[in-house]
Amino acid sequence: MDPFSALTADDRRHLRRCVDLAAEALAAGDEPFGSVLVDADGVERFADRNRVAGGDHTRHPEFEIARWAAAHLTPEERGESTTYTSGEHCAMCAAAHAWVGLGRIVYASSTEQLLQWQGELGVPAGPVAPLRIPQVAAGIVVAGPDPELSAEVRALHAKAAGR
Ligand code: ZN
């Protein structure tokens, strides 16, 4: 089954916001990633963007979501929530997501796409193995990528690589 077919109009609306946050991060000198946490009622509870320009390369929005959720949501609320993100979680963030018991993940672009783009754009590989979410946390339900939004995410990465 094509995972893209599982995306709803609401999923795409939340992903749109993630891509906008990624653009905001890029404009601020950070890397182009953005994420939002949505509860079981479809209400956005927390949102953040990448903030690594200051030198702390753990400042990923998905990691901030996991820590926010651990501090502010019950285990049940965490399990029923959905995390939307412009780019599939890295291994660090997928692990944090699983450790705090968060639910479904929907991404606009995949790790596989990011690797391909990094190759095309001449961006050196990072220090962490580019594992897919299911390789880190097999129990997490995932959906993505979105063909249209992932093209926008690629354009943001191209701009980041060119600065
Ligand atoms: Zn991450």
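**Chat: pocket, zinc site and cores**

Author: Helix H5 gives the most to the lining of the largest pocket, with six residues. This is a predicted model, where local features need pLDDT of at least 70, side-chain atom pairs count only at pLDDT 80 or more, and totals for chains, interfaces and linings use all residues. Residues are numbered from 1 along each chain as its sequence is written, and side-chain values use heavy atoms, with hydrogens and water left out.

Reader: Nice. How many residues line the largest pocket, and which lie nearest its centre?

Author: There are 39, and Glu31, Phe33, Leu114, Gln118 and Gly126 lie nearest the centre. A pocket here, on a 1 Å grid over the protein atoms alone, is an open set of points where a 1.4 Å probe fits, with protein on both sides within 12 Å along at least five of seven lines; lining residues have an atom within 4 Å of a point.

Reader: And how much space lies in the largest pocket?

Author: About 970 Å³, taken as the space filled by probe spheres set on the grid points, which are joined across faces, edges and corners.

Reader: Switching topic: which atoms are the protein donors of the zinc ion?

Author: His60 (ND1), Cys90 (SG) and Cys93 (SG), at 2.1 to 2.3 Å from the zinc ion. Donors are N, O and S atoms within 2.8 Å of the metal (3.2 Å for Na, K and Ca); water is not among the atoms, so sites may look incomplete.

Reader: Where do His60 and Cys93 sit along the chain?

Author: His60 is in the loop between S2 and helix H2 (61-72), while Cys93 is in helix H4 (residues 91-99), 33 residues apart. Helices (H or I, at least four residues) and strands (E, at least two) are DSSP runs, numbered from the N terminus.

Reader: Are they buried or exposed?

Author: Both His60 and Cys93 are buried, meaning under 20% relative accessible area with a 1.4 Å probe, protein chains only.

Reader: What about Asp48, why does that count as buried?

Author: Because its relative accessibility is 8%. Asp48 is in strand S2 (residues 44-49), and a 2.8 Å polar contact (N or O atoms within 3.5 Å, one able to donate a hydrogen and the other to accept it) joins its side chain to that of Arg51.

Reader: Last one: which element gives the most to the largest nonpolar core?

Author: H1, with six residues. That core has 20 residues, buried Ala, Val, Leu, Ile, Met, Phe, Trp, Tyr and Cys joined through side-chain atoms within 4.5 Å.

Key:
Buried means under 20% relative accessible area, exposed over 50%, partly exposed in between (1.4 Å probe, protein chains only).
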